[in-house]
Amino acid sequence: MSLIDLSCPFPPRAAEKIRIREVPLKSEQTAYTGMVYDFSLNSMDGSYIDLPGHIRETDDGRRGDNVPLDQFYRVPCSVIRLNRMDRSGAVSASELEQAFGGKVTTPALMINALGPLEPDEIELRSVWLDSSALDWIIGSGVRLMVSDIYESPRLEGVFLRLFKAGVSTVCEPRHMSRIRKKTVELTVMFPNIPGMTQIPCRILADDGNE
């Protein structure tokens with residue numbers, strides 16, 4: 001097993017808000033100090049998952065505390081690799097299919113459109129998925145997607161279409177260029193928080209290498 005952590009580091013602005021409380025614990029048998037952490041989070045800190053209910057109009061009732069865990073644990077995931085540069089525009093269905101070498105048949109999909117570049121190393125939304133790419137992705141039947149690109153500068157409704165189709169999206173991945181295989185087992189871990197449809201998460205890919 002070769003486990004690759006695809007998660008974005010916790011942002012310094014959020015880490016600065018963490019406060020540590022020392023709690024002394026003492027009995028006749030022992031004495032020690034517990035370290036308790038008080039913190040506040042934004043749902044877009046680091047990597048995060050969007051369930052369809054992140055958009056009110058596509059809310060399907062799934063929340064961080066009621067989604068079936070088997071939909072996010074060791075899910076077979078197809079990996080599409082491109083090498084798009086900053087400000088290189090729209091990615092089409094034909095480009096995705098050619099890069100993958102056919103149709104996707106797994107329940108999860110990973111798109112590494114930027115090659116070795118990370119999402120924060122390009123101009124925001126300067127590379128995006130066009131309408132034909134969305135048709136192709138939705139038509140494949142995937143229900144979980146990790147990608148380093150999504151929406152265009154014109155806000156064309158990429159997430160709206162994906163959520164309408166029941167696709168949960170994972171944003172702000174890192175290090176996807178480390179993956180070499182065409183298919184991996186994908187795990188997305190997030191806290192069991194009632195009511196939330198956008199949640200900071202950990203992204204793990206097992207590419208099966210020794």
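1. Two strands pair if DSSP finds at least two bridges between them. Strand E5, residues 75-81, and strand E11 pass this test, because four bridges join them. The two strands run antiparallel. For one facing position, look at Cys-77: it stands opposite Val-184 in E11. Keep in mind throughout that this is a predicted model.

2. E11 has another partner to check. It pairs with strand E13, residues 202-206, over five bridges. The sense is again antiparallel. Here Met-189 stands opposite Arg-202 in E13.

3. Now look at the loop that leads into E11. Glu-172 sits in this loop, between strand E10 (168-171) and strand E11 (183-189). His-175 is found in the loop between E10 and E11 too. Most residues other than glycine have a negative phi. Glu-172 is not a glycine, yet its phi is positive, about 60°. His-175 also has a positive phi, near 65°.

4. Are these two loop residues buried, partly exposed or exposed? Glu-172 has 28% relative accessibility, so it counts as partly exposed. His-175 is partly exposed as well, because its relative accessible area is 35%. The band in question runs from 20% to 50%.

5. Next, the interior. The largest nonpolar core has 27 residues. Which members touch the most others? They are Ile-80, Leu-96, Ile-111, Leu-129, Ile-137, Met-145 and Leu-162. Several elements each supply at least two residues of this core: helix H2 (93-100), strand E7 (108-112), strand E8 (127-129), helix H3 (131-140) and helix H4 (158-164). H3 gives the largest share, four residues.

6. Take Ile-137 as a guide to that core. Leaving out residues up to four places away in sequence, Ile-137 touches Leu-96, Leu-109, Ile-111, Leu-129, Val-142, Met-145 and Leu-162. There is also a second, separate core of 24 residues. Among its members are Phe-72, Val-170, Val-188 and Ile-199.

7. Last, find Ile-18. It lies in the loop between helix H1 (12-15) and strand E2 (19-26). With 30% relative accessibility, Ile-18 counts as partly exposed. Which residues does Ile-18 touch, not counting those up to four places away in sequence? They are Phe-10, Tyr-37, Asp-38 and Phe-39. Ile-18 and Phe-39 are 21 residues apart in sequence. In space, their C-alpha atoms are 4.6 Å apart.

How values were computed:
Residues are numbered from 1 along each chain as its sequence is written. This is a predicted model: local features need pLDDT of at least 70, side-chain atom pairs count only at pLDDT 80 or more; totals for chains, interfaces and linings use all residues. Side-chain values use heavy atoms; hydrogens and water are left out. Buried means under 20% relative accessible area, exposed over 50%, partly exposed in between (1.4 Å probe, protein chains only). A nonpolar core is a set of buried Ala, Val, Leu, Ile, Met, Phe, Trp, Tyr and Cys residues joined through side-chain atoms within 4.5 Å. Contact means heavy atoms within 4.5 Å.
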